[in-house]
Amino acid sequence: MPEPILQLLLIPLIKIVVLLVVVLLIVAYLTYAERKILAYMQVRLGPNRVGPKGWLQPVADGLKLFVKEDLVPGGAEKLVFMIAPAIVMVPALVMFAVIPFGEPFQIAGMTVTPYLADINIALLFILGVSSLGVFGIILGGWSSNNKFSLMGGLRSAAQMVSYEIPMGFAVASAVLMAGTLSMVGIVEAQRAAHIWFFLPGILGFGIYWVCGVAETNRNPFDLPEAEAELVAGFHTEYSGMKFALFYLAEYANMMIVSAMAVVLFCGGWLPPFPNLLAGLWALPVLAWIPGAFWFLAKMSFFLFCYIWFRGTFPRYRFDQLMNVGWKWLFPLSLANVMLVALGVLLLKG
Amino acid sequence: MMNGPERPLFDVEEMEISFGPQHPATHGVLRLQMKLDGERIVEAKPIIGYLHRGTEKLFETMTFPACIPHTDRLDYVNAAHNNQGFCITMEKLLGISIPPRAAYLRMILAELQRLASHLVWLATHAVDIGAITPFFYTFRERDEILDLFEEYCGARLTLNTMKIGGLPFELPQGWLDRCAKFVDAFPAHIDEYETLLTTNRIWKRRTIGVGVISPEDAINMGLTGPPLRGSGVEWDIRKVFPYDRYDEVEFDVPIGTNCDTYDRYLVRIEEMRQSIRILRQCLEKLPEGPIMAKAPKVLRSPEGMVYGSVESPKGELGYFIVATEKGTTPYRCRVRPPSFVNLQALPQMVKGSLVADMMAVIGTLDIVLGEIDR
């Protein structure tokens, strides 16, 4: 087989399939983990009927949603109603293309990169694509012809738009420190700097994480689907697989936000404490463990935080949410960018 | 639409939205017809009657003791007070005074029921504001209370546990010890809920200054219970018109100062602590003796009208009974449910606030539709 075909077609195809399967599997089991962890936080047992300890629960859920009748409300805008879940789901999956899960390794004399693409504008790509998802939510809410859905969609739009700005600035602070927009480049920069960026950029990291939680519409910022007020928000009228797509997209977005936090601020696939443990016995051992493990471990921590928040916090009110976004996070993130820029200028000359 | 120079830049229309009766957060089948300006509530009108079962009319067709099981179904998270209110009113009518042991046992049951009811309130109130975890903690403790009830009378929810003239059953063996154990353990659990909510910044921002009702308005509307006490009016039927033996136990009536949802939350939390205090005293003072007063098998009423009320967890629960000479059934029985009266404050409390505040207000009024519609 000629080399270019192998390199350009076959390997990426295999990677895409593997990536999709792995991501969807993680997403499915993330729902299981959420239910289980929440249950233990709330003195319950969680799913434990399907399979040993309920491990097959996500499969059962998926199956149920798959064979469920696909209802379209009478007054709905049919076409828009149909494509809205896809508009939400596709960007959520596409973003995984640029997430570096580990460092390149050798197999049978070939270098395999555990990421689909290392493009030099990866961060811009993610920020751009992620803001497409909101269209699906607005359209889904609007096309349902339900006032509760519409309000959910509007809230979601306002929320995502206003939190994208401080998030962008927070990301920019990491970019300033790394000097590149490539995801791989940012991780390499942290290796070269011997420090993860969340230490010098602690403010930016905090802003990023708050905005990330808000972007994914999760507690305490889960207003668009606040069940007490808006029943289920924008996806009130959705059922079956279309609902499942919204649901999966939410969890995929959680993964993206967590993965971004890992790459930008927590050293990506690098083993922990690159500078503190240097020279200690632990370092070679930690370095021997594959990078993908560290990446997933760090990502799991952030995902756990999501679930933890959900078990702990009440929900913000809409106006309070806007206040937090515009009056606090926005000026704070601006100041942070300037601070970091100044620091970079002084340190790097 | 307006014409001329006053015409706004955009055509703005109020959105009419029918909220409920099958909405997950309206605590039953309450329906609210709302006019919204964006997220702001211009007008909210409660529409009730979806759970109307004609209880008051039913009372007229059955003998006095047969009414009691039907009172269970009025405020179904709070059966003991419904029984107690009816029994007290009937005893007033018939001139029966119940033995002290029965009175103390009634107080124990009533205070346990108050705890159970407040736990349901806290659970649903917190869920409405987005905190899901307190729900499971409170229901864990509520279950222990229900276990105690089950052991005593066999039922967990619709207790039917009081009789005109006393109580139907003596306590099972060891019940008092188990009750005392629960009473000792419970204050720590209240602290647990408070850790999750009382100082939580989001909880405070969602409740402080929300659903304000002035003491004057509260009195004029006839609010009772925590909604009234949250507005700083010290009014508790147990204190002002003591029934059973509430005059023999010591307890405080907590009141709020800011008239808002947060104060009503604090009032109810403190009420739980006071209930524990009452329970402790009752368990200590519980006298020996009969549990039934001497009452005829078939109750025949004198002619007359009588009103009796108890302090249910939601407010003043009153029964007004009109009886005919030698009658065995009420000629007319009107129930004064606290939720029904408290609900009428809702339109004023939510006017001009956001949709999300309405959830907080519905939660803080602690309404039960079974009682409102009867």
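1. Two strands are taken to pair if DSSP finds at least two bridges between them. In this predicted model, strand β5 (residues 315-323) of chain B and β6(B) satisfy that condition, since five bridges join them and they run antiparallel. One residue pair may serve as a reference point: Gly318(B) has Arg336(B) in β6(B) as its bridge partner.

2. The sheet to which these strands belong is open and has three strands, in the order β4-β5-β6 of chain B, with antiparallel pairing. The edges are formed by β4 (304-312) and β6 (332-336) of chain B; each has a single partner strand, so one side of each is left without a neighbour in the sheet. From one strand to the next, the twist averages 15°. Helix α3 (residues 79-94) of chain B lies across β4 and β5 of chain B, and its direction is at about 150° to that of β4(B).

3. Towards the end of the helix numbering given here for chain B, α14(B) deserves attention: 11 of its 11 residues are buried, and the helix is thus mostly covered. Among these buried residues are Asp357(B) and Thr364(B), together with Val355(B), Met358(B), Met359(B), Ile362(B) and Leu365(B). Asp366(B) follows α14(B) and has a positive phi, near 55°.

4. Two further backbone angles in chain B should be inspected. Most residues other than glycine have a negative phi. Asn160(B), which is not a glycine, nevertheless has a positive phi of about 50°; this residue lies in the loop between α5 and α6 (175-197) of chain B. Arg374(B) is also a residue other than glycine with a positive phi, near 55°, and it lies in the segment after α15 (369-373) of chain B.

5. The surroundings of these two residues can be stated by neighbour count, with 20 or more other C-beta atoms within 10 Å as the cut-off for a buried residue. Asn160(B) has 19 other C-beta atoms within 10 Å and is therefore partly exposed. Arg374(B) has 24 other C-beta atoms within 10 Å and is therefore buried.

6. Concerning the interface, 25 residues of chain B are in contact with 22 residues of chain A. On the side of chain B that touches chain A, β1 (15-19), α4 (100-128), α5 (133-153), α7 (201-207) and α14 (355-365) each supply at least two residues. By class, this side of chain B has 16 nonpolar, four polar and five charged residues.

7. Chain A is divided into domain 1 (1-66) and domain 2 (68-105 + 118-348). The centres of the two domains of chain A, taken over C-alpha atoms, are separated by 19 Å. Their contact takes 15 residues from domain 1 of chain A and 16 residues from domain 2 of chain A. On the domain 1 side, α1 (3-41) and α2 (57-67) of chain A each supply at least two residues, and α1(A) gives the most, with 11 residues. The residues on that side of domain 1 of chain A divide into 11 nonpolar, two polar and two charged.

8. As to overall form, chain A has 13 helices and two strands. For 349 residues, a compact globule would have a radius of gyration near 20 Å, and the 21 Å of chain A agrees with this. The C-alpha atoms of chain A fill a box of roughly 65 × 55 × 45 Å along the principal axes. Of its 349 residues, 44% count as buried. Among contacts in chain A between residues at least 6 apart in sequence, 79% join residues at least 24 apart.

Methods
Residues numbered from 1 in each chain as written. Chains lettered and ligands numbered in written order. Predicted model: local features only at pLDDT ≥ 70, side-chain atom pairs only at ≥ 80, totals over all residues. Domains from an automatic or database assignment. Contact = placed C-beta atoms within 7 Å. Helix = DSSP H or I, 4+ residues; strand = E, 2+ residues; numbered from the N terminus. Nonpolar A, V, L, I, M, F, W, Y, C, P; charged D, E, K, R; others polar. Axes fitted to C-alpha atoms, helices over the stretch in contact; angles between N-to-C directions. Buried ≥ 20, exposed ≤ 12 C-beta atoms within 10 Å, placed from the backbone. Rg over C-alpha atoms; globule rule 2.2 N^0.38 Å.
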